[in-house]
Amino acid sequence: MTTTPEAEVPDLTLHGLLPLSETAELVATELVGNAVRHTKGPAALRLRWAGRVLRIGVWDADPAPPAPPLHSSAEAENGRGLDLVRNCTNGWGWYPLDAAGDFGKLVWCELLAA
């Protein structure tokens, strides 16, 4: 039996970030799910809160860039993940962790607190 990977987001309410928690969980789950589904090897989730910005980053060992958002229809069952991340956050992107691609990449997004 296979299960859908889910990101375990720390309880943001402990830090007074309840308004961001639902969106943070949604996009973190999507980014971790993409790393698990589309790459081989380990993946890691990192959250950083600074200057009223919650940055969610997912590292994976594959240096290949993520597929660009597809602007898929709402009925599509696949291919909407990064489109969802783009639409639910205040910014997203990715970068390789070294020039040779030996250390994989980081895909990130940011949520701004009101």
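This is a short tour of the model, one selection at a time.

**Whole chain**

Start with everything shown. The model is predicted. Its chain holds two helices and four strands. Follow the chain along the sequence and the pattern reads α-β-β-α-β-β. Of the 114 residues, 34% are buried. The chain exposes about 7300 Å², and carbon and sulfur atoms supply 54% of that area. Take the contacts between residues at least 6 apart in sequence: 52% of them join residues at least 24 apart.

**The sheet**

Now select the four strands: E1 (43–50), E2 (53–60), E3 (91–96) and E4 (105–112). They form an open sheet in the order E1-E2-E4-E3, and the pairing is antiparallel. E1 and E3 stand at the edges. Each has a single partner strand, so one side of each is left without a neighbour in the sheet. From one strand to the next, the twist averages 20 degrees.

**E1 and E2**

Keep E1 and E2 in view. Eight bridges link this antiparallel pair. Pick Leu 45, and look across to E2: Val 58 stands opposite.

**Helix H1**

Add residues 18–38. This is helix H1, which packs on the sheet. H1 touches E1, E2 and E4. Compare directions: H1 makes about 15 degrees with E2.

**E2 and E4**

Hide H1 and move across the sheet. E2 and E4 are antiparallel too, over eight bridges. Select Gly 57. Which residue in E4 is the bridge partner of Gly 57? Click on Trp 108 to see that partner.

Stay on E4. Is this strand mostly covered or mostly open? E4 is mostly covered, with six of its eight residues buried.

**E3 and E4**

Next, show E3 beside E4. These strands run antiparallel, joined by six bridges. Select Gly 91 and look for its opposite number in E4: Glu 110.

**A surface patch**

Now trace the loop between E3 and E4, and stop at Phe 103. Is Phe 103 buried or exposed? Its relative accessible area is 55%. Exposed means over 50%, so Phe 103 counts as exposed.

Finish by selecting Tyr 95 and Leu 97 along with Phe 103. Together these residues form a nonpolar patch on the surface. Their combined accessible area is about 300 Å².

Definitions and conventions. Residues are numbered from 1 along each chain as its sequence is written. This is a predicted model: local features need pLDDT of at least 70, side-chain atom pairs count only at pLDDT 80 or more; totals for chains, interfaces and linings use all residues. Side-chain values use heavy atoms; hydrogens and water are left out. Patches are made of residues with over 30% relative accessible area and no salt bridge: like charges are joined within 9 Å, nonpolar side chains (Val, Leu, Ile, Met, Phe, Trp, Tyr) within 5 Å. Accessible areas come from the Shrake-Rupley method with a 1.4 Å probe; for residues, only the protein chains shown count as cover. A salt bridge is a side-chain nitrogen of Lys or Arg within 4 Å of a carboxyl oxygen of Asp or Glu. Buried means under 20% relative accessible area, exposed over 50%, partly exposed in between (1.4 Å probe, protein chains only). Two strands pair if DSSP finds at least two bridges between them. Axes are lines fitted to C-alpha atoms, for helices over the stretch in contact, and angles run from 0 to 180 degrees between N-to-C directions. Contact means heavy atoms within 4.5 Å.
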